[in-house]
Amino acid sequence: MDISYNSTRAVVEADWQEADVTVYEWVLSHGHLDPTVIAADLRLDEDTVREALARLIAARLVQPDPHDPTEGFAVSPEIAGAQLATPVRSRIREAEEQLARAHAELARFTAGHARHLRRGSSHFRVITSMLEVRLALTEAAQQCTVEVLSSQPGGGSRVVEAMDEAMERDRTILERGVRMRTLYHHTARFNGPSQAYVAAASAIGAEYRTAHELFGRLVVFDRKLAFIPPDDGTRGAVAINEPSVVAYLAEIFEQAWAHATPFVDAASQGLGQVAREVDRTILRLLASGLKDESIARRLGMSLRTVRRHIADVMEQLSVESRFQAGVAAARGGLLDGDEPLAEVPETVIAQSRC
């Protein structure tokens, strides 16, 4: 088998000469392998003929008589190729059988590896129903001893029933001396139930801040257990207790908390000021190239509300396109919050139309 396999390599690696074809064709016609006769008939050097015959025999193109090396015959390249392929295919089949046996042996270790994966995956648990999420949050709250960090985008549209349940859970936590900090979107300041909830919880020690933009929904208990939303848009959650991931999420919260402002309802701050802040934030997001849907998600607003704000901003700036609004806002210093929205210089508006 090895000899035949080496013959295959010899065909590939041979230094074929023009004389090889000439000698091959002569053997096809005469059925004779005597180098002296071939050399004389073809007027070639005898050593050249011998070397050609050696290559042709190795390639199975010429097959000598086992009893008389000077006699033999030539075969077609197809037949020679088939003879060379047989041992190679045999080696392939043998290798495949060895691989199959190896896989069978390795399969003995599959169960142990699967158990290891299951132990590792215990750091992440997907919760598929809202009822299970609430039960998991309640259990985590009962075991919490130090702090709760929470980011609640779209706080202005929270369900009253869920907020009642959360208030009871939060009261129990706060009475144990646990610190609670929660981030809402600024839009929560317009929502009556949210205002009432924040007022009641703040009275017993909870802390609330708001921001125009939030990174997403998050709850962290004692920096040991975090809940985030699944990426499929369902109302479930993913519970995480892997230390590095939870610490990373808590740090994201801290950065957002540092840039947020204390919660106040819209009436106490003044509806006009709140509206101007919202418009300025929308201008900044428009200038960064975000689409309406992305802006709505970032601000916790409905798409319809965002588009109404955009229309108001364009009307106040007296521009006809969002691009012009972005240019006017940038040139007028609105993106930095330095100027009231209604007082953009006319020259800036004119320049934005160029």
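This passage describes the aromatic pairs of a predicted model and the surroundings of the residues that form them.

A search of the whole structure identified 5 aromatic pairs. One of these is formed by tyrosine 197 and tyrosine 208, whose rings meet edge-to-face, with a distance of 6.4 Å from centre to centre and an angle of 80° between the planes. This pair links distant parts of the chain, since tyrosine 197 belongs to helix H9 (residues 192-203) while tyrosine 208 belongs to strand E6 (residues 207-211), the two being 11 residues apart. Tyrosine 197 has a relative accessibility of 6% and therefore counts as buried, the cut-off for this class being under 20%; tyrosine 208, at 6% relative accessibility, is likewise counted as buried.

A further aromatic pair is made by phenylalanine 253 and tryptophan 257, which are stacked, with 5.8 Å between the centres and 20° between the planes. Both phenylalanine 253 and tryptophan 257 lie within helix H10 (residues 243-259), where a separation of 4 residues corresponds to about one turn of the helix. Phenylalanine 253 is buried, as is tryptophan 257. The ring of tryptophan 257 also has a charged neighbour, in that the charged end of arginine 181 sits over this ring at 5.3 Å from its centre.

Beyond the individual pairs, Tyr197 and Tyr208 take part in one aromatic cluster, which they form together with Tyr184 and Phe263. The edge-to-face pair that links helix H9 with strand E6 thus involves two members of this cluster, and both of these tyrosines, Tyr197 and Tyr208, are buried.

Conventions: Residues are numbered from 1 along each chain as its sequence is written. This is a predicted model: local features need pLDDT of at least 70, side-chain atom pairs count only at pLDDT 80 or more; totals for chains, interfaces and linings use all residues. Side-chain values use heavy atoms; hydrogens and water are left out. Rings of Phe, Tyr and Trp (its six-membered ring) pair if their centres lie within 6.5 Å; planes under 30 degrees apart count as stacked, over 60 as edge-to-face and the rest as tilted. Buried means under 20% relative accessible area, exposed over 50%, partly exposed in between (1.4 Å probe, protein chains only). A charge sits over a ring if NZ of Lys or CZ of Arg is within 6 Å of the ring centre and within 35 degrees of the ring normal.
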